[in-house]
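Grab a pencil and open the viewer. Let's work through a few exercises on rings and cores together.

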Amino acid sequence: MTNTFEAIVTGATGINGAAIINRLLNEPKCSKIHCVSRSLKEEYPSKVKHYSIDLITSNPEQIAATFQKEGVTNITYAFHTAYKEESEEGEACKTNGAMLRNFVIGLEKSNNKTLKRVVLTTGLKYYGPQFGEVRLPMEESDRRVPESFSGLPNFYYIQEDILKELSANKPWDYVIAMPSDICGVSQGGYMNQAFTIALYAVICKELDEPFYFPGNEKIYKGLNDISYSGLIADFEVWAAQKPETSNERFNIVNGDSHSWSRTWPKIADYFGLKVPKNQFDNWSSLSNKITLSTPPPIRLYQEEMGIKDIPNTEFINHISFPKWIQQDKVKKAWKQIAEREHLDPNLIDTGTWAFCDFTLGRTYYVSASMIKARQFGYHGYYDTFQGFQETFDTLKRGKVIPS
Ligand SMILES: NC(=O)c1ccc[n+]([C@@H]2O[C@H](COP(=O)([O-])OP(=O)(O)OC[C@H]3O[C@@H](n4cnc5c(N)ncnc54)[C@H](OP(=O)(O)O)[C@@H]3O)[C@@H](O)[C@H]2O)c1
């Protein structure tokens, strides 16, 4: 068959990588999918071949030797989603920069003369919402948040610079996709918001307690974009094949103007729970309020916007998850559920409790414009609650949460 292509996906077991593999399995033009991660967590259909490679400790020559030995020499599109979380940003720059560099040079050295494009997944942290309030909606033309402003580096900038440097004067180019907080699961990779919310819900149910939104009223009533993993994958497979997207960076969010005040009651319904009345009156020993020490990136635009003295950003969690899971009754409830339903008793420790505190405790909105992707011809969207529902269904089928 003419016009077919082979693709390679790093981060195969991750939330993004697994979704891209699934999407490529349904792409008629994709004849072979190669994928890389250190561990192997699922059995793949014959169209997928997995290689266990450590992209941090293997140098490009070693990676190239494996690719040549295995016949990974006809790649047209490479999707890089390998990612290592680090507690310190400088370290994240080193490890995540090294993985991308080792992988791309390894691909080049293994004689992949067919390589047309590297697609990199980064995220909306490009705009600095981790430092506080950002200008809305976030647009791709917004400038980087300088280290001299925030006091911290950003590994997304390092990765973008690596792609610019490595692709210069080469027959291949790149595209960068920037999702928001992701909803979805991969086999054995449950570290995301939907999984953590599901754990919170089933424990509330076991305890016969109401389903409080753990963040604050401001974010609850506002708009907050989520990216469904299947939509990100669909966008990336589209962008890989579109000549016009060469060397461009794109936001990719569900596009439904998502508000927790609509989704939370639906999630409550899904798990047979009730959202309590006056749910934000419950300030307690489980509550938490902090003011970030970093300057909010919106300040970079304050002169242009005609606003001044924008304060540092507050985080308010009416129920702070890291405190909530420390309670004996919560631990006991999960133990009971796990024993009764034959589930993993240690799963409670893998919930992204601190991360969810951050995403649900913001007192500002995270909303990204999809106009650029639309102008380039991508019109995909996803209903955010549907994304949560499908993710919860998958968690049930995988016997991660009670069915
Ligand atoms: N998850 C989110 O909510 C979210 C939101 C916005 C943006 N993003 C961005 O999306 C990108 C991809 O993240 P993700 O969430 O998909 O990551 P993830 O789910 O944590 O998966 C990371 C993948 O990288 C692989 N990996 C880690 N260390 C490796 C190594 N040394 N060598 C080879 N492979 C390695 C892991 O497999 P092994 O451990 O088996 O090697 C796994 O397959 C990151 O830039 C992240 O910041 C994520």
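**Exercise 1: The core**

In this predicted model, the largest nonpolar core has 108 residues, and those with the most contacts inside it are Phe211, Trp260, Phe271, Trp324, Trp334, Phe388 and Phe392. Find out which helix gives the most to this core.

*Solution.* Go to helix H6, residues 193-207: this helix gives the most, with 10 residues. Next, pick Trp334 and skip its neighbours within four places in sequence; its contacts then include Leu199, Val202 and Ile203, as well as Leu343 and Val400. There's also a second, separate core of 19 residues, with Ala7, Ala19, Ala233 and Val237 among them.

**Exercise 2: Classify two ring pairs**

Work out how the rings of Tyr270 and Phe271 are arranged, then do likewise for Phe388 and Phe392.

*Solution.* A search of the whole structure turns up 33 aromatic pairs. For Tyr270 and Phe271, the centres are 4.9 Å apart and the planes sit at 70°, so this pair is edge-to-face. Both residues, Tyr270 and Phe271, are buried. Now take Phe388 and Phe392: with 5.9 Å centre to centre and 40° between the planes, this pair is tilted. Phe388 and Phe392 are separated by about one helical turn because they're four residues apart in helix H15, residues 384-397. Phe388 is buried, at 0% relative accessible area, and Phe392 counts as buried at 0% too.

**Exercise 3: Charges over rings**

Find the ring that the charged end of Lys372 sits over.

*Solution.* Look at Phe250: the charged end of Lys372 sits over its ring, 4.8 Å from the centre. For another case, check Lys218, which lies over the face of Tyr365 at 5.8 Å from the ring centre.

How values were computed. Residues numbered from 1 in each chain as written. Predicted model: local features only at pLDDT ≥ 70, side-chain atom pairs only at ≥ 80, totals over all residues. Heavy atoms only, no water. Phe/Tyr/Trp six-rings, centres within 6.5 Å; stacked < 30°, edge-to-face > 60°. Buried < 20%, exposed > 50% of the residue type's maximum accessible area, 1.4 Å probe, protein only. Helix = DSSP H or I, 4+ residues; strand = E, 2+ residues; numbered from the N terminus. Lys NZ or Arg CZ within 6 Å of the ring centre and 35° of its normal. Core = buried A, V, L, I, M, F, W, Y, C linked by side-chain atoms within 4.5 Å. Contact = heavy atoms within 4.5 Å.
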